Amino acid sequence: MAESVTITDNRNGESIEIPIVNGGVDAGDWKKLLGNTWFYDPGFTQTACTSSAITEIDGDAGILRYRGYPIEQLAESSTYLEVAYLLIYGELPNAEQFETWKHEITYHTFIHENVRKRFMEGFHYDAHPMGMLVSAFGALSTFYHEAKDIDDPEVRNKQIVRLVAKVPTLAACAHRFSVGQPFVYPDNTLDFASNFLSMMWKVAEPHYVPNPVLAHALDVLFILHADHEQNCGTAAMRVIGSSHPDPYSCCAGAAAALYGPRHGGANEAVIKMLNEIGSVDNVEAFVKGVKEGKGRLQGFGHRVYKNFDPRATIIKKIAYDVFEVTGKNPLLDIALKLEETALSDDYFISRKLYPNVDFYSGLIYQAMDFPIDTFTVLFAIPRVSGWLAHWKELLEQDQKIARPRQLYIGAEERNYVPMVSR
Ligand code: ACO
């Protein structure tokens, strides 16, 4: 059987055979036959915008792999910093490479005093931490002028290190400011997740040591959120990166895309939804409302997964480890009942709607005392490594500027009418 498709233009009978390569057909071949006929695909449901060697998802089989390694194995045996290295550089680091990487990240966690004092503290007291983070990424581009030299691999790498290292500091800074607490400087003796917890929660103790179960749970959550191929935020990173600005500006755009409730903002939306439901007894009525079109079941459904999201399965297990330390989140019973009800309902079965990564992550964050409006920030911290892996890959591929086409459906040419005559 030929691994190709044949397209015929019925207006003139001309045909072209296009090979299927890596599961796709080349739009360049299509163009040879149908140069001015555009694919109409709002939302890119059927369009591959790049080739990539970073993350593989098989949505029907519920498979997620980073650089070929199954997410389950990485969650079980690796650490976020090692995974970040893997995503960005393509291979697991050896002991020496990892020590260098860890050292570099650890010693770039500090942020310029002006970022903290003048920029972050300039926000209104009730600013959303995600809005602050989006802005902080943009602001960093004004501090590192050499970052514009994206053609120099060394300069590129320096910004990668800075961004991976500084995002927890910015995130914690946004939170501390919003609750009126003083900024906590990074503690270079702690690992990545523990240092973040220290910057979030340290009060007057000389050395903050987080509960190891909670620090480990957070590190696993960071692994699970580090990359997810061409999701909305990463696609934004690549689109912006294709016009060649510095990576800080690219991250600002990617973080803005992540902010929305249809994407990384869903973990926040899940908790609000569970609070609204309020009791296990109200679950059936709530699900009935969703089926009648009164809103969506937050944390359910995915563009790619038409089976269980493997990250959700791992997160559900971690939730129980966390609850052993923190006590059970009272919303858990509502979530479990909601999952059970939806998974046995034909509306959700026929549409292949399963819990996604955000369904249980919010419950863990809440049990660990993170305020709801920091949830998406917690998603952004590790996703920075995925964004940067894609940014680096994009530049190495020397990809063209992203510039889609449209199907124009507006008015025909018409003459300007002066205001008095309208
Ligand atoms: N609740 C109820 N119905 C849903 C849901 C949901 N959560 N998700 C999809 N559907 C329904 C749609 O109404 C549609 O039904 P129809 O065919 O009768 O019109 C059908 O399922 C297909 O939905 P689409 O919107 O076409 O799916 P799409 O791939 O565009 O959307 C998305 C994916 C945005 C994730 C969607 O499932 C959703 O809004 N989920 C809730 C928000 C959420 O959890 N987002 C986090 C995603 S994971 C992440 O970004 C990290």
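In this predicted model, K306 is partly exposed, with a relative accessible area of 30%. The residue sits in the loop that links α13 (283-291) to α14 (310-326). K306 also takes part in a positive surface patch, where its partners are R262, R296, R303 and K352. The loop between α13 and α14 thus offers a handy place to begin a look at the model, with K306 as the landmark.

Attention turns next to the strands close to the start of the numbering. Here an open sheet is built from three strands in the order β1-β2-β3, and their pairing is antiparallel. The edges are taken by β1 (4-9) and β3 (24-25), each of which pairs on one side only.

The pairing of β1 with β2 is worth following residue by residue. These two strands run antiparallel and are joined by six bridges. Within this pairing, T6 stands opposite E17 in β2. The two strands also form a hairpin, with four residues between them. In the turn of this hairpin lies G13, whose phi is positive, at about 80°.

On the other side of the sheet, strand β2 (residues 14-21) meets β3, again in the antiparallel sense, over two bridges. V21 has G24 of β3 as its opposite residue. Read in order, then, the sheet passes from β1 through β2 to β3, with β1 and β3 as the edge strands.

How values were computed. Residues are numbered from 1 along each chain as its sequence is written. This is a predicted model: local features need pLDDT of at least 70, side-chain atom pairs count only at pLDDT 80 or more; totals for chains, interfaces and linings use all residues. Side-chain values use heavy atoms; hydrogens and water are left out. Patches are made of residues with over 30% relative accessible area and no salt bridge: like charges are joined within 9 Å, nonpolar side chains (Val, Leu, Ile, Met, Phe, Trp, Tyr) within 5 Å. Accessible areas come from the Shrake-Rupley method with a 1.4 Å probe; for residues, only the protein chains shown count as cover. A salt bridge is a side-chain nitrogen of Lys or Arg within 4 Å of a carboxyl oxygen of Asp or Glu. Lys and Arg count as positive and Asp and Glu as negative; His and the chain ends are not counted. The place of a charge is taken as NZ of Lys, CZ of Arg, CG of Asp or CD of Glu. Buried means under 20% relative accessible area, exposed over 50%, partly exposed in between (1.4 Å probe, protein chains only). Two strands pair if DSSP finds at least two bridges between them.
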